[in-house]
Structure formats: C-alpha cells, structure tokens
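Hi,

Here is the structure I promised to pass along. Have a look at it first, and then read on for what turned up.

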Amino acid sequence: MAMYTRCPACRSEISFEPPADMASLPEDYRYRIKCPSCGVYIGVKLNRVERQPIYNQEESLALESIGETTQQEYVETAPERAYSSSTKKTGLGRNIFMMIISLIIIALNVVAYLITTEKIKMGNTYGLDVFSGIGYWELLVKDMTAFKATFELDILSGILSLVPMIIFTMSCITFVVALIMAICKKYSRAFNAIWAILLFVLGIVTLFSGLIVYNRTAEKLNEMFDSMPEVEIPRYEKMGIVEYYKNVIESQLYAFFAPFVLTLIQFIGAMICCRSMEKRRRS
C-alpha cells in the first residue's frame, strides 16, 4: 500500500512504500525517506491507523487518505539543502570599483603627460612627470627611431622605462572590460584577478626601476669612459637603495609611490571580489 506525505522543504508530495514489518515497529519509530525533488531526508512517524492490517481495497484507500492527512514529518539532516533558493548579484559594484581604480591610474598618466609637455606648469611636480605612459605611446607613434633609442644603451633599462606605459595600457583595458561587464551585468573574476596580479607586480617594479636604471646606466657609461682614457670625465657612482629612497623623500617625489599604492588597492579588491556572487537565502 502506497503512503503519502509532503516534503517540509519544497512542499512537494511524496509517495512511498511503508516497511513490511510496520506492525512490529515501536510507537515512536520514524520511517526515513528521501524527497525525490530536493533530496531532503524526512522522518515519517507511522500512526496507529496506518499499522492496522489491510483487508480490502476500500480500507486500503481509506488508510492512504488518513496517512496523507495525519502522519507527522520532520527534516532529519540535510545541511546541503538548508537553502532552498539563491539569488545572483550582477557584480555592478565590483565593476565600478575596478573602473574607479583604473580611472585614477589613467588620470595620473594624463596629468604626467600634460606636465612633461608643459601644458601644465608646476613648480614641484612631486614626481608625477616620471609616470607619463602616454608620452611613450606618443614617441612610439611619432618617432620610432627615438623610441628604439631607449633600448640602445641597455635593454633592461629600456624595458623598465616602459613600465609606466604598460601600466597605463593595462589600466585602459581593465576599464573597458569592467565597463562592458557592468553593462552585461556580469563580473569576470578570473580576468580581474589575473590582471590585478600582473598590475601589482608592475607596481612593485616601479619601486625599484628608477634605481636599477640609474645604476645600470652608470655602469654602461663608466665602461664607455674607461675605453677613452685620454678623456678626463668623472665616473658615476652607483647608488644604494637607502640612498635612493632618501633622495626620493627629500626631493618630495611622493607620486613615486602612487603606482604601487593604486595597484596594491586594486589587487586587494580583486582578491576580495573573487568570492562567489551567489547569495543564498533560507526558505
């Protein structure tokens, strides 16, 4: 004889076969069944009426009706089913965060470009003019020969000099992707995480690139002067990291730390945004 109950989690009707030895089971016994709809395990208490022997079809139908209306049920254990439904966020806030950080970096490069082209005149630039990524793009487009000259003295120094250009370009890409994702009501966790890591690495590079470029340039120039003993030219002394940062601070080049700080903030934000956007709610 089939019996019926209702799932307390999803409210769907469940049909089940009672145990064959139902008459010999104790009064407080609960028969364990699984809801085929949501997977919740239910303990069904079999009442006295349901334990009576079935003599004919009419009594069987009566018992089924009684079983459907009088049996008691409860959710036994189903932690994975504790939430019946979920809602998904659009990721708009995360995309806006990425766009804001990218815009700040882009604005930093724009100001630096305007300073280097003397469209903005400042008595103290606070080191902003060092990070003109736009200036290198302009040089690449307008004067390829001058752009190649960046690598002539030392290839590594030339590559390090292009770090502002790379950060500017990647920030522009980050902004465009975040804008598109915001319109599409999505958030690309993988892209933003990988991109933020790369930008953060470049931000760290900016802390040491000036020192590396200076020391390598000094080394190359000294080698050149050593090959010309007839010319009396003072040799360049290499600079230590403590002396380098001391000069940065004493010269009030505070913008020197801006790329590192901004990429660090973006990196932390991207790692936090890696969490799932699924927000579950209890039924």
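On disulfides: a search of the whole structure finds 0 of them. Bear in mind for this and everything below that the model is predicted. Two cysteines to look at while you're there are Cys-7 and Cys-35. Cys-7 counts as buried because its relative accessibility is 0%, and Cys-35 counts as buried too, at 1%.

Now the overall make-up. The chain has 10 helices and 7 strands. Its length is 283 residues, and 36% of them count as buried. If you take the contacts between residues at least 6 apart in sequence, 68% join residues at least 24 apart.

Next, helix α3, which covers residues 92-116. Its axis and that of α4 (residues 133-142) come within 7 Å and cross at roughly 65 degrees. On the α3 side the contact is made by Asn-109, Val-110 and Tyr-113, and on the α4 side by Gly-133, Ile-134, Gly-135 and Glu-138. Sorted by class, that gives 3 nonpolar, 3 polar and 1 charged residues.

Ser-102 is also in α3. Is Ser-102 buried or exposed? With 0% relative accessibility, Ser-102 counts as buried. Setting aside neighbours within four places in sequence, Ser-102 is in contact with Ser-171, Thr-174, Phe-175 and Gln-266.

In the loop between α3 and α4 you'll find Glu-118. Its phi is near 60 degrees, which is a positive value in a residue other than glycine. Glu-118 counts as exposed, because its relative accessibility is 57%.

Met-181 sits in helix α7 (residues 163-183). Which residues does Met-181 contact, once neighbours within four places in sequence are left aside? They are Asn-95, Lys-186 and Ser-188. There is also a link across the sequence here: the C-alpha atoms of Met-181 and Gly-91 are separated by 8.3 Å, with their positions 90 residues apart along the chain.

I spent a while on helix α9, residues 241-250. Its buried residues are Tyr-244, Tyr-245 and Val-248. Looking down the axis of α9, these fall within an arc of 90 degrees, so they line one face of the helix. On the other side of α9, the exposed residues are Val-242, Lys-246 and Glu-250. As for what covers the buried residues of α9, that includes α8 (189-226).

Just after α9 comes Gln-252, with a positive phi of about 60 degrees, although Gln-252 is not a glycine. Gln-252 belongs to the loop between α9 and α10. Its relative accessible area is 34%, so Gln-252 is partly exposed.

Last topic: the aromatics. How many aromatic pairs does the structure hold? There are 11. One of them is Phe-147 with Phe-151, an edge-to-face pair with 5.9 Å from centre to centre and 65 degrees between the planes. Phe-147 counts as buried, given its relative accessibility of 10%, whereas Phe-151, at 24%, counts as partly exposed.

Then there is Tyr-245 with Phe-256: the ring centres are 6.0 Å apart and the planes lie at 75 degrees, so this pair is edge-to-face. Why does the pair tie together separate parts of the chain? Tyr-245 lies in helix α9 while Phe-256 lies in the loop between α9 and α10 (258-272), so the parts it joins are 11 residues apart in sequence. Tyr-245 and Phe-256 are both buried.

Those two rings also belong to one aromatic cluster, formed by Phe-208, Tyr-244, Tyr-245, Phe-256 and Phe-257. If you open the model around α9, I'd begin with Tyr-244 and Tyr-245, which are among the buried residues of that helix and are members of the cluster as well.

Cheers

Key: Residues are numbered from 1 along each chain as its sequence is written. This is a predicted model: local features need pLDDT of at least 70, side-chain atom pairs count only at pLDDT 80 or more; totals for chains, interfaces and linings use all residues. Side-chain values use heavy atoms; hydrogens and water are left out. Axes are lines fitted to C-alpha atoms, for helices over the stretch in contact, and angles run from 0 to 180 degrees between N-to-C directions. Helices (H or I, at least four residues) and strands (E, at least two) are DSSP runs, numbered from the N terminus. Contact means heavy atoms within 4.5 Å. Ala, Val, Leu, Ile, Met, Phe, Trp, Tyr, Cys and Pro count as nonpolar, Asp, Glu, Lys and Arg as charged, and the others, Gly among them, as polar. Buried means under 20% relative accessible area, exposed over 50%, partly exposed in between (1.4 Å probe, protein chains only). A disulfide is a pair of cysteine sulfur atoms within 2.5 Å. The arc is that of the directions from the helix axis to the C-beta atoms. Rings of Phe, Tyr and Trp (its six-membered ring) pair if their centres lie within 6.5 Å; planes under 30 degrees apart count as stacked, over 60 as edge-to-face and the rest as tilted.
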